[in-house]
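Colleague: I am new to this structure, and I would like to know what lies behind the words you use for it. Could you show it to me first?

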Amino acid sequence: AGSLTVAELAEKLTKSTSEIIKKLMGLGVMATKNEELDKTSIELIAHDFGVEVEEEEVIDELDIERYEEADDPEDLQERAPVVTIMGHVDHGKTTLLDGIRKTKVTDTEAGGITQHIGAYQVEEDGKRVTFLDTPGHAAFTTMRARGAQATDITILVVAADDGVMPQTVEALNHAKAAEVPIIVAVNKTDKENANPDRVMQELTEYELVPEAWGGDTIFVNVSAVNGGGIDELLEMILLVAEIEELKANPSKRAQGTVVEAELDRGRGPVATLLVQGGTLKVGDPIVVGYTYGRVRAMMSDVGLRVTEAGPSTPVEVTGLNGVPQAGDQFLVFADEKKAKQIGEGRAIRAKEAQRKQTSRVSLDDLYNQI
Ligand code: GDP
Ligand code: MG
């Protein structure tokens, strides 16, 4: 609702301004037609005329729960786990992500062209695993700061020749705070000076105790450069996913989180969305963070055009009229008018907020400096 003048309220209620002014006088408020009314007065007067004011449509966080369709337990289906990789700098996060993708994505899938859309899926034993290709910190801090929980499992990469380092500890603390299960990938085991046992010992101090030592943390020795241990790592991910019983309802309007977004010269705003519930379809009216639009085209992680994307699927989307931010949430609306109304309201609110806080340093900025 925000604030309205007496005249604006009169128009909304299809009453004359003098009728509104009279009502206000009845409430002990003397007002002219250009006077701005507060929320309570607006509600009281509207109520007097038999109109219930809807709660504010413009909200800081996209209030998914308020608009999404309820899940019928019968509609819930198993979904792929969403995995992020964290760890100290140079311990091999990027190499491992590339290594998993190389060993698992067949070249024939898209004529050998692999796209960078910030996330990808691989298959192991006929089951899918989704990897978010975002820096671990960004995935956790921005997404969590916005209340989004996109990660189901985190892989903590620790180089076997270097051991536990400050960012290893930081990463495991993030994962613990988010209550996300951790699988430890002890990397660089191909190196001569690799010492996986030392990594286990050091992590024991942080309550990550290997199963072999009576704990319940899964450790996998890998080599990101030669692909060693990657199959086992994927199997362990699927095992943890099974324990977590990850489920989603594919048969409703889609909802999820922005993985990354940018302005493309030719295509306009382009966003990689991770569908978390429901199925996203071409043509869907959608509100994404503080922007909105209609899904014009969708591209999969291997560069194929798709018309639908179900739970745990990352997909690159065009058709938005602005560039959202990583960690923003999105929701499909049944009706384009509603999406537009909410989207426009949020866009205005975002602009106002931006004006007010230009000097604020975000958590992201801080992490980017590390
Ligand atoms: P990040 O900072 O965690 O993303 O680390 P990178 O993936 O960029 O790796 C840092 C360096 O370690 C690069 O030179 C990699 O080639 C090397 N590296 C990564 N994984 C392995 C591994 O399993 N074995 C060996 N020998 N080198 C690795
Ligand atoms: Mg890297």
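Modeller: Here we go through some terms one by one, and please keep in mind that this is a predicted model.

Colleague: Happy to start with the ligand. Which residues are the closest ones around ligand 1?

Modeller: The closest are D90, K93, T94, T95 and D190, and 15 residues surround ligand 1 in total. A residue is counted there if one of its heavy atoms lies within 4 Å of the ligand.

Colleague: What makes the approach of G92 to ligand 1 a polar contact?

Modeller: A polar backbone atom of G92 is 3.0 Å from an oxygen atom of ligand 1. The cut-off for a pair of N or O atoms is within 3.5 Å, so this pair qualifies. For H91, a backbone N or O atom lies 3.4 Å from an oxygen atom of the ligand, and that value also meets the cut-off of within 3.5 Å. V225 has a polar backbone atom 3.5 Å from a ligand oxygen.

Modeller: As for cover, ligand 1 taken alone exposes 580 Å², and the protein buries 72% of that.

Colleague: Which helix gives the largest share of the shell around ligand 1?

Modeller: That is helix α5, residues 93-104, with three residues. Sorted by class, the shell has five charged, seven polar and three nonpolar residues.

Colleague: How do you know that K23 sits over the ring of F49?

Modeller: K23 lies over the ring face at 5.1 Å from the centre. The rule asks for a charge within 6 Å of the ring centre and within 35 degrees of the ring normal, so the distance fits. R346 is another case: its charged end sits over the ring of Y290, 4.6 Å from the centre, which is again within 6 Å.

Colleague: Why is K104 said to be in contact with E124?

Modeller: Contact means heavy atoms within 4.5 Å, and E124 is on the list for K104, together with V122, E123, D231 and L234. K104 lies in helix α5. The C-alpha atoms of K104 and E124 are 7.9 Å apart, with their positions 20 residues apart in sequence numbering.

Colleague: And what does G310 touch, leaving out residues up to four places away in sequence?

Modeller: G310 touches V275, G278 and T279. G310 is found in the loop between β17 (308-309) and β18 (314-320). From G310 to V275 the C-alpha distance is 6.3 Å, although they are 35 residues apart in sequence.

Methods
Residues numbered from 1 in each chain as written. Chains lettered and ligands numbered in written order. Predicted model: local features only at pLDDT ≥ 70, side-chain atom pairs only at ≥ 80, totals over all residues. Heavy atoms only, no water. Polar contact = N/O pair within 3.5 Å; in protein donor to acceptor, adjacent residues only side chain to side chain. Areas by Shrake-Rupley, 256 points an atom, 1.4 Å probe, with all protein chains shown as cover. Helix = DSSP H or I, 4+ residues; strand = E, 2+ residues; numbered from the N terminus. Nonpolar A, V, L, I, M, F, W, Y, C, P; charged D, E, K, R; others polar.
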